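Subject: Structure handover and notes

Dear colleague,

I am passing on the structure we spoke about, with the sequence alongside. My notes follow below, arranged by topic so that you can read them with the structure open.

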Amino acid sequence: MSLTPITRDTHKTKEAILVKVASLLNSLQILSTHPLSEEARQGLTNAIHSLKELPDLLAATSEQARLAALYDVSQSLGSSLNLEEVLTQAMDAVISLTGAERGFLMLLDPDTSNLRLRAARNFEQETLQRKDAVSRTVIDSVMRSGKPVLTTDALTDPRFSSQESVILHALRSILCVPLRNRGQVTGVIYVDNRVQSGLFTNEDLDLLNAFAAQAAIAIENARLYSRTDQALSARLAELETLTQIDRELNARLEFSHVLQITHAWALRGAAAEEGWLAIWDAEVGRFDVAAGPEHGFPLETPPDHSGELPIQMTQPGENTPAQLCAPVTHAGKLIGVLLVRRRSAFLETEAQFLARLAYRAANALENARLYSAVQQANQEKSKFVSVVTHELRIPMTSIKGYADLLRQGTVGPVNEQQVKFLETIRNNVERMSALVSDLADISRIETGRLKLEPGWVQLKDVVEEIVSSLQPKFDEMSQKLVMELPEDLPPVYADRNRVAQVLTNLLSNAHKYTPNSGEVRLSASRQENKVRLWVSDTGIGISAKDQALLFTQFFRSHAAAVREQQGWGLGLSVTKRLVELMLGEIGVESELGRGSTFWFSLPTTQEQVAADPG
Ligand code: ADP
């Protein structure tokens with residue numbers, strides 16, 4: 001802020017001019033007693049007359065300048081909303097306007113009703129550190145009476161001279177005016193000077209009074225603004241809390257987790273002493289406490305749950321605590337209530353918080369309910385599959401056994417057609433048994449019942465075993481099966497039977513989805529603490545769209561070449577789960593019409609398996 005119109009120097013200059021004018025007048029008056037020409041006398045009289053008017057003129061001019069300064073200061077005061085800034089500006093302006101040496105601005109703390117020093121500045125616009133060097137007596141008098149005080153020498157002023165603080169800071173010219181807000185004295189502006197360096201005048205007092213009225217408004221504005229600012233940050237903090245709650249609520253979908261989190265946040269967010277989350281059992285018509293103390297839940301009938309964020313607030317009575325009750329509803333239906341209590345009354349903000357929490361809890365509880373329903377259905381399905389697969393296995397084994405016996409002619413001669421029929425029976429039973437075995441594996445994996453039997457496995461042995469069993473199928477279609485296994489391949493730590501299952505599945509697929517005379521290549525190499533195997537074929541390939549769905553249950557490509565082959569779309573999903581259970585990885589690279597390469601890896605160290613908690 002630029003403030004130059006009135007300064008202490010201006011005061012001094014004004015005084016100096018007045019002294020000069022007085023002595024000039026004196027000289028002119030002495031001159032006028034001498035004989036002069038009529039013309040000269042007239043001129044002299046005019047000069048004396050003008051000079052006599054000068055002090056008044058000077059006073060009027062400086063008054064205008066003061067008013068202009070006051071206007072300037074008030075303008076710039078009104079333009080800031082930062083309370084600290086406003087207070088400092090106000091103080092600097094006051095010092096500048098009155099020519100004071102020091103200035104202090106004190107405001108009543110609305111919370112404690114104590115007068116607090118908010119700005120202390122000196123003539124050089126420096127912040128003062130000493131807060132005690134003011135006359136308490138003068139300030140108290142202004143605060144109490146609401147009337148300004150101007151004392152040119154507090155020591156001899158009968159109103160204050162006997163007071164200790166005045167005596168302590170004696171020899172000061174003090175000016176102190178009240179700051180008012182809607183009629184109430186809310187603080188004071190206090191300026192002072194050493195008596196030697198300048199006395200305050202009534203004009204200074206008027207000016208300061210006018211200024212104080214402006215400053216009080218600016219201070220009030222800044223204060224209100226900071227309060228809205230505080231309200232805004234409180235709202236932001238609540239939003240942050242709610243986001244955190246959302247994160248916690250959605251982290252896990254179990255019902256019990258949601259209940260526990262909601263209950264904990266209700267107590268914390270509403271600063272409650274006790275609280276319950278109770279679920280409304282509509283069939284029985286009562287509340288079941290789901291979180292909180294078992295006894296003491298005070299509600300028997302459902303609360304009113306209409307309205308967007310309904311909440312009931314009960315004030316504390318002589319022997320009853322304050323209570324907040326937020327219905328937890330979903331799609332207009334009452335799920336339960338969040339109820340908290342404490343001895344002192346709840347705040348509106350706490351009530352709002354609880355209502356919002358209840359709203360979130362309702363969603364999370366509904367999600368958890370759906371999730372648990374899905375999980376239960378899944379478990380039922382797994383149980384069903386496990387029973388069915390178990391029950392099917394025995395009759396299938398016996399069908400297969402009897403068909404073989406018949407075909408071998410053990411129970412009497414069979415003709416060619418009968419042999420064909422019996423082979424068809426056998427093939428179909430084998431297909432069914434493959435399906436049953438995949439389904440059983442999936443059900444075991446899903447329910448965590450699939451037990452691995454890991455050990456050191458020489459891949460070469462397993463590969464040779466599988467290849468020799470599949471070789472006839474490849475030969476049937478004149479497909480070339482090439483093996484490229486390095487001699488020094490380290491053993492892997494895995495379940496031998498499951499490795500065989502994975503290899504069988506990948507090689508069978510390569511065979512199934514490669515036309516006659518194609519080639520299937522099996523290679524391997526060591527990679528850090530893993531061995532990686534590749535099964536490449538020159539078959540039909542897989543489109544990018546289908547690759548994204550590969551490894552999911554029951555996925556089969558719509559390609560005609562795939563549909564020609566028998567299959568259930570379960571092999572790859574089981575394969576992937578098995579590889580992952582053995583802490584390996586699996587993937588594919590393929591191009592439609594050119595062939596596919598499936599790869600998987602298995603660990604060469606035992607630690608990796610041991611380190612896995614599952
Ligand atoms: P299935 O072979 O019984 O259909 P899988 O789970 O083993 O089931 O395979 C799923 C699908 O992945 C197949 O139906 C086929 O569309 C595709 N697929 C798997 N292996 C190959 C391959 N080597 N070449 C082309 N497509 C393949």
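**Salt bridges within one helix**

Arg369 is joined to Glu366 by a salt bridge in which the closest N and O atoms are 2.9 Å apart. Please keep in mind while reading that this is a predicted model. Both Arg369 and Glu366 belong to helix 8, where they are 3 residues apart, which is about one turn of the helix. As for their surroundings, Arg369 counts as partly exposed at 42% relative accessibility, whereas Glu366 is buried, with a relative accessible area of 16%. The cut-off matters for that second label, because buried means under 20% relative accessible area.

A comparable arrangement is found in helix 9 (residues 416-446), which holds both Glu430 and Arg426, 4 residues apart and again about one turn of the helix. These two residues form a salt bridge whose closest N and O atoms are 2.4 Å apart. Glu430 is partly exposed, with a relative accessible area of 34%, and Arg426 also counts as partly exposed, at 24% relative accessibility.

**Salt bridges between elements**

Side chains of opposite charge can pair when their charged atoms come close. The count for this model comes to 21 salt bridges, and one that deserves your attention is formed by the side chains of Arg356 and Glu238, with an N to O distance of 3.1 Å. Arg356 sits in helix 8 (residues 348-407) while Glu238 sits in helix 6 (residues 202-251), so this pair ties together parts of the chain that are 118 residues apart in sequence. Both partners are buried, Arg356 at 19% relative accessibility and Glu238 at 16%, although the value for Arg356 should be read with the cut-off in mind, because a residue counts as buried when it is under 20%.

Elsewhere, Lys480, Glu484, Glu519 and Arg521 are linked in a network of salt bridges.

**The ligand and its shell**

Which residues come nearest to the ligand? Of the 21 residues around the ligand, these are Asn509, Tyr513, Asp537, Arg556 and Leu572. Two of them also make polar contacts through their side chains: an N or O atom in the side chain of Arg556 is 2.5 Å from an oxygen atom of the ligand, and an N or O atom in the side chain of Tyr513 is 2.8 Å from a ligand oxygen. The backbone takes part as well, since a polar backbone atom of Gly571 is 3.2 Å from an oxygen atom of the ligand. On its own the ligand has 530 Å² of accessible area, and the protein covers 96% of this.

By residue type, the shell around the ligand divides into 11 nonpolar, 7 polar and 3 charged residues. Helix 11 (496-512), helix 14 (571-581) and strand 17 (595-603) each supply at least two residues of this shell, and the largest share, 3 residues, comes from helix 11.

**Cysteines**

How many disulfides does a search of the whole structure find? The search finds 0 disulfides. With regard to individual cysteines, Cys176 is buried, with a relative accessible area of 0%, and Cys325 likewise counts as buried, at 3% relative accessibility.

**Backbone points to check by eye**

Two serines have a positive phi. In Ser113, which is not a glycine, phi is about 60°, and this residue is found in the loop between strand 1 (102-108) and strand 2 (115-122). Ser113 is exposed, with a relative accessible area of 54%. Ser478 also has a positive value, with phi near 55°, and its place is in the loop between helix 10 (459-476) and strand 12 (480-484). At 48% relative accessibility, Ser478 counts as partly exposed.

Lastly, Leu405 is placed in helix 8 and is partly exposed, with a relative accessible area of 36%. The C-alpha atoms of Leu405 and Leu422 are separated by 9.8 Å, and these two residues are 17 residues apart along the chain.

With best wishes

Notes:
Residues are numbered from 1 along each chain as its sequence is written. This is a predicted model: local features need pLDDT of at least 70, side-chain atom pairs count only at pLDDT 80 or more; totals for chains, interfaces and linings use all residues. Side-chain values use heavy atoms; hydrogens and water are left out. A disulfide is a pair of cysteine sulfur atoms within 2.5 Å. Buried means under 20% relative accessible area, exposed over 50%, partly exposed in between (1.4 Å probe, protein chains only). A residue is near a molecule or strand if one of its heavy atoms lies within 4 Å of it. A polar contact is a pair of N or O atoms within 3.5 Å; within protein, one must be able to donate a hydrogen and the other to accept it, and residues adjacent in sequence count only if both atoms are side-chain atoms. Accessible areas come from the Shrake-Rupley method with a 1.4 Å probe; for residues, only the protein chains shown count as cover. Ala, Val, Leu, Ile, Met, Phe, Trp, Tyr, Cys and Pro count as nonpolar, Asp, Glu, Lys and Arg as charged, and the others, Gly among them, as polar. A salt bridge is a side-chain nitrogen of Lys or Arg within 4 Å of a carboxyl oxygen of Asp or Glu.
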